[in-house]
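Biologist: Please take me through the overall build of this protein and one of its pockets. Short answers will do.

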Amino acid sequence: MADYVVAIDQGTTSTRAIIFDKSGSIVSTGQLEHEQIFPKAGWVEHDPKEIWNNTREVIGQALSKADLTRHDIAAVGITNQRETAVVWDKNTGEPVYNAIVWQDTRTQPIVDRLAADGGVERFKQIVGLPLATYFSGTKIAWILENVEGARERAERGELLFGNTDAWVLWNLTGGPDGGVHATDVTNASRTMFMDLETLTWRDDILEAFGVPKSMLPEIKSSSEVYGTVESSSLLREVPVAGILGDQQAATFGQAAFDPGESKNTYGTGNFLIFNTGEEIVHSKNGLLTTLGYKLGDEKSHYALEGSIAVTGSLVQWLRDNLGIISSAPEIEDLAKTVEDNGGAYFVPAFSGLFAPYWRADARGALVGLTRYVNKGHIARAVLEATAFQTREVLDAVNADSGVELQELKVDGGMIANNTLMQFQADILGVPVVRPVVAETTALGAAYAAGLAVGFWSDLDDLRKNWQEDRRWTPDMEPAERDRQLRLWKKAVTKTFDWVDDDVK
């Protein structure tokens, strides 16, 4: 009897396979990191073939650790780093170029060109997104414009595009030998090409970007059987039945199914998603309108999203580029050596600023420095930057929705940092709640796949699985909160207008 579901979590820094049981508990995990490729300043790439090879290996790791076989697995779900674009040859499976990662900023000239006719919100009413380097669309255009022969091959119908969910699905279901070329609505909503109302690709926008429609995957729901795993895999014949972009998957894994429910994921970047139900809400405060989920033939659920480019990756930068810490968890101990930030504020606009500012011209700044500031203060400022950015996004959500959030559900790697979580509650002025199962991204993909094959019967089944692990309540005086927010906002303004014609 099939008592488990496998989730493939294809993330920004690693790929994991996690096996869940019916209670939503983790049975086993396989994980491999992949190389972060930085060819030039502002360029971030991954090797799609390395990602696929790692995917196969982590599936084997997870099955082996749990002593399970394909016969024990009811379904496979996929979740992925959204907006990271892969273009490959449909006949050979060879990528024509490395995957261009969501953090990459090389496509700003394409953004500027498209924005010359109608501004950065030219397509926002249709797709919910401003023109920005963040989304997949400009990345495909860049590949077609800069990789020799790519445009000609695309126009002949030889090339396929997908975010990494589509790349994994296509390979998992056979690749050149009958692989399924599809994506779900949440990933499609991150390309700039999908109409939020009709859930179809827009021919006029594709024409503006110069992208042939033949490259694009078929848009499916987030929970249905797309195909079965190909015959040479350890999971052969198991249905692949769920796909959700990573932030939507985390929201689903947090059981935030209803309007007004939300979550915040603390990972490489931070992503706050607020469920608006079946209503499309267009933000007036710098947020994105996106798909939350769609279960089979049921109506779509939409969401507002606040995307923050740099949070966990700022801790990695402190470790890898400066050597101030030797492992990410050390930052908490270093931050606890001081009482406060010593007046230092770190705005990590390494890829410009995302929500709610959308300033591509911004670059990182560490401000408020005096001789008093030491590495403990800088460590604290690094952690506080995550909390301050989250507060600004939450203010935008409250303004757009007209509903004050009463508590914030959190997930992701950084929620193990108790110092950060307490400061987050302090600067928000509302409780912060961590679930027992922190791997909500993978869990959401497992849920979507399990629902499609009847492993779980309905959303109530999933709600019963959610359990609170820890709660942090605010412990900061309102006047001090206001003072810190005022200084943070002043620090943010110091990052504006840095990039001009001769600064990249």
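**Second largest pocket and overall fold**

Biologist: Which helix gives the largest share of the lining of the second largest pocket?
Modeller: This is a predicted model. The second largest pocket is lined by 32 residues. Four of the lining residues come from one helix, the largest share, and that is helix 2, residues 108–115.

Biologist: Which residues lie nearest the centre of the second largest pocket?
Modeller: The pocket has a volume of about 680 Å³. Of its 32 lining residues, those nearest the centre are Thr105, Gln108, Thr133, Ala360 and Asp361.

Biologist: How many charged residues are in the lining of the second largest pocket?
Modeller: Sorted by class, the lining has 15 nonpolar and seven polar residues. The charged residues in it number ten.

Biologist: What is the radius of gyration of the protein?
Modeller: The protein has 16 helices and 21 strands. For 504 residues the globule rule gives 23 Å, and the model comes close to that, so the protein is as compact as a globular protein of that length. Along the principal axes, its C-alpha atoms fill a box of roughly 65 × 50 × 45 Å. The radius of gyration is 22 Å.

Biologist: What percentage of the residues count as buried?
Modeller: A residue counts as buried when its relative accessible area is under 20%. The protein exposes about 19,200 Å², with carbon and sulfur atoms supplying 46% of it. Of the 504 residues, the buried share is 61%.

Notes: Residues numbered from 1 in each chain as written. Predicted model: local features only at pLDDT ≥ 70, side-chain atom pairs only at ≥ 80, totals over all residues. Heavy atoms only, no water. 1 Å grid on protein atoms, 1.4 Å probe; cavity = no way out; pocket = protein on both sides within 12 Å on 5 of 7 lines; lining within 4 Å. Points joined across faces, edges and corners; volume = space filled by probe spheres on them. Helix = DSSP H or I, 4+ residues; strand = E, 2+ residues; numbered from the N terminus. Nonpolar A, V, L, I, M, F, W, Y, C, P; charged D, E, K, R; others polar. Rg over C-alpha atoms; globule rule 2.2 N^0.38 Å. Buried < 20%, exposed > 50% of the residue type's maximum accessible area, 1.4 Å probe, protein only. Areas by Shrake-Rupley, 256 points an atom, 1.4 Å probe, with all protein chains shown as cover.
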